[in-house]
Structures are given as C-alpha cells and as structure tokens.
Amino acid sequence: MPAELAMAGLLAIPGGGALLLLLLPGYRVSALLNSLVCAATLVCAATLYAARPAGGIYLAVDDLNTVFLIINALVGLSTSLFSAGYIAHEIETRHLTASYIRFYHAMYQFLMFSMNLALLANNIGLMWVAVEASTLTTVVMVGIYRSAAALEAAWKYFILGSVGIALALFGTILVYLAAQPVLGEGLPAMAWDRLLANAAVFDPALLNLAFVFLLLGYGTKVGLAPMHAWLPDAHAEGPTPISAVLSGLLLNVALFALLRFKLIVAGNPGVLAPGPLMMALGLASVLLAGFMLYRRRDIKRLFAYSSIEHMGIITFAFGLGGPLANFAGLLHMAMHSLTKSAIFYGVGYVSQLEGTQQIADIRGLTRSQPLLGWMLVAAVVAIAGLPPFGVFTSEFLVVTSTFARMPLLTVPLAIGLMVGFGALLMRLQGMAFGDTTHRHELPAWRLLPMFVHLALVAIAGVFIPEPITAWFRQVAAVLGG
Amino acid sequence: MSGIWFDIAHLLAGSLVLVSFMLLYQDRMFALLNVFALHAVVLALAVGWQAWIQDAPHLYVTAFIAFVFKGVIIPGALHRIVQRLGIHRSVETVGGIGLTMLFGIGLVALSIVIMLPVTAVASSIGREDLAFALSVVLLGMLMMVTRRNAVSQVVGFMSLENGLVLAATGARGMPLVVEISVGFSILIAFLVIGIFLFRIRERFDTVDLQALDMSRGEQQ
C-alpha cells in the first residue's frame with residue numbers, strides 16, 4: 001500500500017503544493033513551503049525505489065521511470081533551496097515583485113507535477129499532454145522578467161516548442177493507428193506496457209513514420225541539433241533556478257519520452273533501427289555545441305550550449321544501445337543533471353553578485369569570493385569531463401563502448417568532446433582567475449546545494465556503491481539493444 | 001460503410017486543406033482572422049461527420065469545441081486585440097506569396113506521397129484523412145515560418161493544431177483523452193499567447209517580431 005500512496009503522492013503533493021502556493025502571499029513562507037513540498041516529493045520518489053505499485057492503464061511505475069523520478073525529485077529539492085536565496089536577492093534588487101514571486105513558486109510546483117506526470121504516464125497521450133504542460137509552464141517562467149530579451153526568448157521557445165510538440169502528437173497518433181488493429185480501439189492501444197509487449201506485430205511502415213515524427217518532435221524538446229535554437233535563449237533569459245531545472249530535468253523528461261518510443265520501435269523486427277537516427281542527431285549536437293561554445297559571451301548561454309553537448313552524448317549512448325552504452329548513458333544523465341544544476345546555482349550567484357552575465361566582465365572569482373569561485377572551478381572541471389569527477393567516468397564509458405562497437409564513430413565523438421573541453425576551460429580561466437578589486441560576502445550555507453551536488457559527483461567519480469550499479473545495470477538491460 | 005459517406009468525409013477534409021491555402025495568401029489581418037474562423041468551422045464539420053459515420057458520440061464534443069472555441073471565441077478575441085493594437089492594415093510576409101503557394105503545393109504532394117503507401121493497411125477512411133491532416137499540419141508550419149507578425153504566427157499555429165485534431169479523429173476509436181487535451185492545451189496556449197501579446201505591446205508598441213530580433217543577447 002505505501003507504494004501506491006507514494007505514486008499518488010508524486011502527483012498530488014506538487015499539484016496541491018502549486019495550488020497552495022498560488023494562494024499564499026509572502027515570499028519567505030512560500031519559499032520554505034516550496035522546499036518542503038519538494039522534500040515530500042523526494043520521499044515519495046525514494047519509496048518507489050524500494051517498492052513498486054501495480055500499474056494501471058493510466059499510470060505505471062517501472063525500472064526506467066524510477067531512475068528519472070528520483071533524479072527529478074532530488075534536483076528539484078536542491079534547486080528549490082537555491083531558489084530561496086536567489087529569489088530573496090531578486091526581491092531586494094526589485095527585479096521581481098511579490099506577486100510575480102507567488103506566481104513563480106506556483107509554476108515551479110506545477111512544472112514538477114507535469115514532469116512527474118510525464119514520467120509516470122502509462123498512456124502515450126497522457127504523456128504528451130504532460131510534456132506539453134511542462135513546456136507551457138517553462139515558457140511563462142522564461143518570460144517572467146519581461147525584458148526585451150526575455151520576451152524574445154520565451155516567444156522563440158514557445159513557437160519552436162509547440163511545433164516540436166505538434167510533431168510529437170502526430171507521431172503519437174500514428175503509433176495508435178499502428179497499434180489499433182492489434183490491440184483494439186480505445187485505451188489499451190495507447191497504454192505503453194501493452195504497446196511494448198505487442199510491438200512485434202504492429203505495422204512496420206506506420207511505426208517507421210511515427211518514429212521520425214517523434215524523434216523530431218521530442219528531439220526538439222531534448223535540444224538536439226538542428227532543433228536546438230530555443231535552448232540557449234531560454235536558459236539565458238529566464239531566472240537561474242529555471243535554467244537549472246530546464247537543463248537538469250526537463251531535457252531528461254523529453255529524452256525519456258523518446259526512449260519509450262525507441263523501445264516500442266526497436267521491438268519490431270520490420271522497422272528501421274531507431275538507434276542510428278538517435279546517434280546521428282546526438283553526434284551532430286555534440287559537434288555543433290562543441291564549436292559553438294567558443295563564441296559565447298554570456299555565461300548562461302555558455303552552459304546552455306554545454307547542455308546541448310551533453311544531451312547529445314546521452315542520446316548518442318542510448319542510440320548505440322547494448323548493456324554498456326545504456327549504462328553509460330544513464331550514468332551520464334544522472335551526472336549531467338547533478339553537475340549542470342550545480343553550475344547554474346554557482347552561475348546564478350555570480351551573475352547576481354557581479355551584476356552581469358557577460359563573461360568578459362566577470363574576472364577573478366576565486367579572489368572576490370573564494371569559496372564560490374573554487375566551487376565553480378570544480379564544477380566546470382567536472383562538466384568538462386576531467387577526473388576525478390563522475391562525468392569523466394560516464395564519458396569514458398561512452399567513448400570506450402563506442403570504440404568497441406563502432407570504432408570510426410569514436411573520432412567525431414572525441415573531437416566534439418575535446419573541442420568543448422577546450423572552450424570551457426578557456427572561458428573558465430578568464431572568469432575564475434585574474435585580478436579583481438571586488439569583494440563579495442555570500443553566506444556559506446547558501447552554497448550548500450551546490451556543494452552537495454558536487455560532492456555526489458566527486459564520489460561517483462571514485463566509487464559508485466554496488467546497489468546503484470546493480471540498479472543502473474538492470475535499467476540498462478530494460479533499455480535493450 | 002462506403003461510397004457517399006467516404007466521399008463526404010474526404011470532401012470536408014480536402015476543404016480544410018483548401019482553406020489552409022487560403023490562409024497562406026491573406027495579406028490583411030481581419031481577412032486572415034475570418035479565414036481562420038472558416039478553417040475552424042470546416043474542421044468542426046469534418047469532425048462532426050466523422051462522429052456520425054464512426055458512430056462515436058464523443059467526437060461531437062470535439063466538433064463542438066472546434067466550432068465554438070476556435071471558430072467563434074478566438075477569432076473574436078484576436079479581432080479585438082488587433083483593433084486595440086492598431087495593426088489591422090497589412091500582414092508582412094517573408095518571401096513572395098507566389099513562392100509560398102508553390103512551396104505549399106510541394107508540401108501537400110509530399111504528405112500524400114508519404115502517407116498513402118504507409119497507411120495502406122489502415123482503413124481507407126483513416127488513410128486519406130491522415131494525408132490531408134498532415135498537409136494541414138505542414139501548411140500551418142509553413143505559415144508560421146513565412147509570417148513575421150505575432151498574431152499571424154499564432155493563427156498559423158492554431159491551423160496546425162486543427163490538422164492534428166483532424167488526424168486524431170481520423171484514427172478510429174482514439175480515446176477521448178487526446179481530444180479533450182488538445183482543446184485544453186489550446187486554451188492554455190492561448191492564455192499564454194494573450195499574456196505575451198500584451199507584454200510585447202507594453203515593451204515595443206508593436207507585435208512585429210522583427211523588432212524583437214534586434215534584442216538578441218549575442219549580438220553586441
């Protein structure tokens with residue numbers, strides 16, 4: 001019974017929290033409540049690791065979505081803690097008014113709700129609705145500052161996101177059409193577990209076409225090149241906690257939707273293999289983002305392009321398939337979520353303290369605010385893929401499994417990784433070192449979420465506990481070849 | 001069921017494609033909105049007809065939503081917005097109308113070439129409907145690409161959604177979840193758009209997206 005309760009809690013707690021936060025005035029209370037709601041959601045998600053409820057026709061819990069749900073709840077909680085400090089500063093500097101903050105908190109929980117719904121959905125139509133809801137929520141959040149740049153970013157995100165999501169719906173309809181002669185009319189032909197079980201007898205031609213639409217549609221939301229144009233703008237112009245959630249969680253949710261359909265398509269022998277298509281888009285993203293990283297002048301844009309690169313790596317790994325590559329992809333996804341959100345926490349503080357997002361204007365962070373500066377250095381070193389951090393482990397696994405299976409593809413992949421690596425370190429050097437006359441005081445406790453994430457990533461680089469490896473290996477087996 | 005029933009279904013779905021073409025060449029704001037209302041009405045008829053021949057009463061709800069919401073309320077609201085913003089004179093398009101129309105014809109041919117062989121196994125009614133629906137989706141996308149004005153981009157997006165509704169109703173017995181959700185998401189989408197249009201107005205005194213292009217973060 002606790003498992004059923006936990007599954008309901010994953011939806012009811014953030015959903016109810018969103019309503020409550022919409023009514024509560026006073027940003028201090030609502031920031032606290034926001035974190036409490038996230039903590040309760042994390043407890044529910046963690047319960048699912050221990051016990052699985054029986055799935056229904058609308059919702060289901062399996063090995064695959066448990067991973068995503070737990071990462072979601074964890075990063076959601078630490079981002080809400082970061083957000084509390086960030087918001088207090090925005091109120092002080094009058095960038096946002098109290099009524100906007102109230103709206104912001106409600107939207108934050110609604111985003112959590114819609115992402116959890118997308119992950120829990122056993123119905124591909126319901127999943128689509130949830131992904132669309134999360135898109136619309138983040139569109140509003142990106143535009144919350146109402147500056148010219150924020151409006152343009154939100155509009156661009158909205159237009160590209162809705163075109164993507166429209167393509168995904170068309171793909172979903174095609175999957176239903178393929179399933180309908182076998183599973184009959186109505187709900188069963190949209191239930192994911194039944195689709196998966198019967199995928200082998202569906203019409204291959206329809207599935208082929210469906211996957212192309214789904215790949216382009218949900219791929220837009222993942223931020224895969226060449227449909228990535230919305231991503232840097234949306235990251236740069238919204239509030240930084242939202243950049244952290246976008247990069248750390250929402251991209252994963254879109255990828256999860258894509259993975260579910262990949263499994264259906266891969267279950268049919270007559271269909272074009274979905275793996276190479278995903279690998280091609282992933283590789284294109286890695287290469288494009290690697291080179292684009294050099295010309296960035298805005299710190300949040302820089303890390304947004306780095307997110308495109310990493311989502312490319314993860315998509316590539318899942319496209320390659322097989323136990324090792326899937327394991328590497330999952331690990332990389334977890335590491336990227338933790339590290340990238342930690343980076344955005346740091347970047348959020350930096351841009352607030354320095355009053356700018358321009359890389360050229362940020363100098364000598366390790367002197368002006370040593371603790372924050374050095375933690376940001378560590379985080380960037382981690383995301384660039386250097387040991388001893390966990391991102392190195394997962395990138396290394398991706399590269400070695402590529403080398404074992406398709407040696408030639410290692411070359412472009414390694415080039416992309418190296419180019420991105422160089423760009424990040426080059427930018428980091430200017431920001432972290434050099435002379436500065438600034439001095440900033442930032443209470444150490446505010447850096448706690450960033451520290452916890454970095455500590456987890458550092459530990460994962462040295463030693464991953466056996467239960468977690470076993471768990472990821474099991475999920476990797478589910479993801480198949 | 002065959003013969004005249006199919007023909008009428010195809011006639012209605014085909015008309016939707018035709019109205020999509022009409023949307024492409026409108027160069028006046030109010031005319032564009034009127035044609036969009038016609039688009040929604042044709043969609044309502046097509047969906048209503050599907051409900052009749054599939055004997056699926058829940059589709060009448062979808063048809064009703066399409067008619068009332070997209071055929072009456074939204075065009076009316078957009079009329080008011082356009083009037084208040086004073087942008088009713090003309091719609092700027094990227095590239096010439098002729099070129100856009102040619103491109104549109106190419107897209108329709110493409111969707112027919114793609115859909116007909118693929119859906120050979122599906123019932124013939126779903127089959128042609130899907131080809132038409134994909135055409136409407138692609139034409140909606142084309143319209144979003146070729147228009148600079150925020151209001152006409154929104155109209156393009158909604159005509160695209162109409163194509164999706166047509167596809168969903170053509171798929172026999174597709175659960176109501178999706179229809180309601182499409183209507184619902186359009187509602188939310190419209191709310192979002194409404195907020196945006198007014199915010200854009202506050203900042204720029206124009207809804208020409210070219211004015212927004214100046215404020216890209218990277219170009220300094």
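The conversation below walks through a predicted model with chains A and B.

Colleague: What is the secondary structure of chain A?

Modeller: In this predicted model, chain A comes to 19 helices and zero strands.

Colleague: And how many helices and strands does chain B have?

Modeller: Chain B has eight helices and zero strands. Along the sequence, its pattern reads α-α-α-α-α-α-α-α.

Colleague: Back to chain A. How does its radius of gyration sit with that of a compact globule?

Modeller: The radius of gyration of chain A is 21 Å, and a compact globule with 481 residues would have one near 23 Å, so the value agrees with a compact globule. Taken along the principal axes, the C-alpha atoms of chain A fill a box of roughly 70 × 55 × 45 Å.

Colleague: What share of chain A is buried?

Modeller: Buried residues make up 66% of the 481 residues in chain A. For chain B, the share is 55% of 220 residues.

Colleague: How much area does each chain expose?

Modeller: Chain A exposes about 15300 Å², with 72% of that supplied by carbon and sulfur atoms. Chain B exposes about 9100 Å², and there carbon and sulfur atoms supply 69%.

Colleague: What about contacts between residues that are 24 or more positions apart in chain A?

Modeller: They account for 80% of the chain A contacts with a separation of 6 or more. In chain B, 75% of the contacts between residues at least 6 apart in sequence join residues at least 24 apart.

Colleague: Where do the charges of chain A sit on average?

Modeller: Chain A has 23 positive and 20 negative charges, and the mean positions of the two sets are 5 Å apart.

Colleague: Let us look at single helices. How far does helix H8 of chain A reach?

Modeller: Helix H8 of chain A covers residues 204-222, which is 19 residues, and it reaches 25 Å from its first C-alpha to its last. That is close to the 27 Å expected at 1.5 Å a residue.

Colleague: Is H8(A) mostly covered or mostly open?

Modeller: H8(A) is mostly covered, with 14 of its 19 residues buried.

Colleague: What comes just after H8(A)?

Modeller: Gly223(A) follows, and this residue takes a positive phi of about 90°. Pro226(A) lies in the loop between H8 and helix H9 (230-237) of chain A, and a cis peptide bond with omega of about 0° joins Ala225(A) to Pro226(A).

Colleague: Which residues does the cis peptide bond with omega of about 10° join?

Modeller: That bond joins Pro387(A) and Pro388(A). Pro388(A) is in the loop between helix H15 (370-383) and helix H16 (390-405) of chain A.

Colleague: Now a helix in chain B. How many residues of H6(B) are buried?

Modeller: In H6(B), 21 of its 21 residues are buried. This helix spans residues 150-170 of chain B and reaches 30 Å from its first C-alpha to its last, close to the 30 Å expected.

Colleague: Next, Met333(A). Is this residue buried or exposed?

Modeller: Met333(A) counts as buried because its relative accessibility is 0%, and the cut-off for buried is under 20%. The residue is found in helix H13 (residues 322-354) of chain A.

Colleague: Which residues does Met333(A) touch?

Modeller: Not counting residues up to four places away in sequence, Met333(A) touches Phe68(A), Ile71(A), Asn252(A) and Ile314(A).

Colleague: And where is Leu119(A)?

Modeller: Leu119(A) is in helix H4 (residues 98-120) of chain A. Its relative accessibility is 0%, so Leu119(A) counts as buried. Beyond residues up to four places away in sequence, the residues that Leu119(A) touches include Phe68(A), Asn65(A) and Arg260(A).

Colleague: How far is Leu119(A) from Arg295(A)?

Modeller: Their C-alpha atoms are separated by 36 Å, and the two residues are 176 residues apart along the chain.

Colleague: Where does Ala148(A) lie?

Modeller: Ala148(A) lies in helix H6 (residues 148-183) of chain A. With a relative accessible area of 25%, Ala148(A) is partly exposed. Ala148(A) and Glu237(A) are 89 residues apart in sequence and 9.6 Å apart in space, C-alpha to C-alpha.

Colleague: One last residue: what is Ser20(B) in contact with?

Modeller: Leaving aside neighbours within four places in sequence, Ser20(B) is in contact with His39(B), Val136(B) and Leu139(B). Ser20(B) has its place in helix H1 (residues 4-25) of chain B, and with a relative accessible area of 4% Ser20(B) is buried.

Notes: Residues are numbered from 1 along each chain as its sequence is written. Chains are lettered from A and ligands numbered from 1 in the order in which they are written. This is a predicted model: local features need pLDDT of at least 70, side-chain atom pairs count only at pLDDT 80 or more; totals for chains, interfaces and linings use all residues. Side-chain values use heavy atoms; hydrogens and water are left out. Helices (H or I, at least four residues) and strands (E, at least two) are DSSP runs, numbered from the N terminus. The radius of gyration is taken over C-alpha atoms; the globule rule is 2.2 Å times the number of residues to the power 0.38. Buried means under 20% relative accessible area, exposed over 50%, partly exposed in between (1.4 Å probe, protein chains only). Contact means heavy atoms within 4.5 Å. Accessible areas come from the Shrake-Rupley method with a 1.4 Å probe; for residues, only the protein chains shown count as cover. Lys and Arg count as positive and Asp and Glu as negative; His and the chain ends are not counted. The place of a charge is taken as NZ of Lys, CZ of Arg, CG of Asp or CD of Glu. The expected span of a helix is 1.5 Å times one less than its number of residues.
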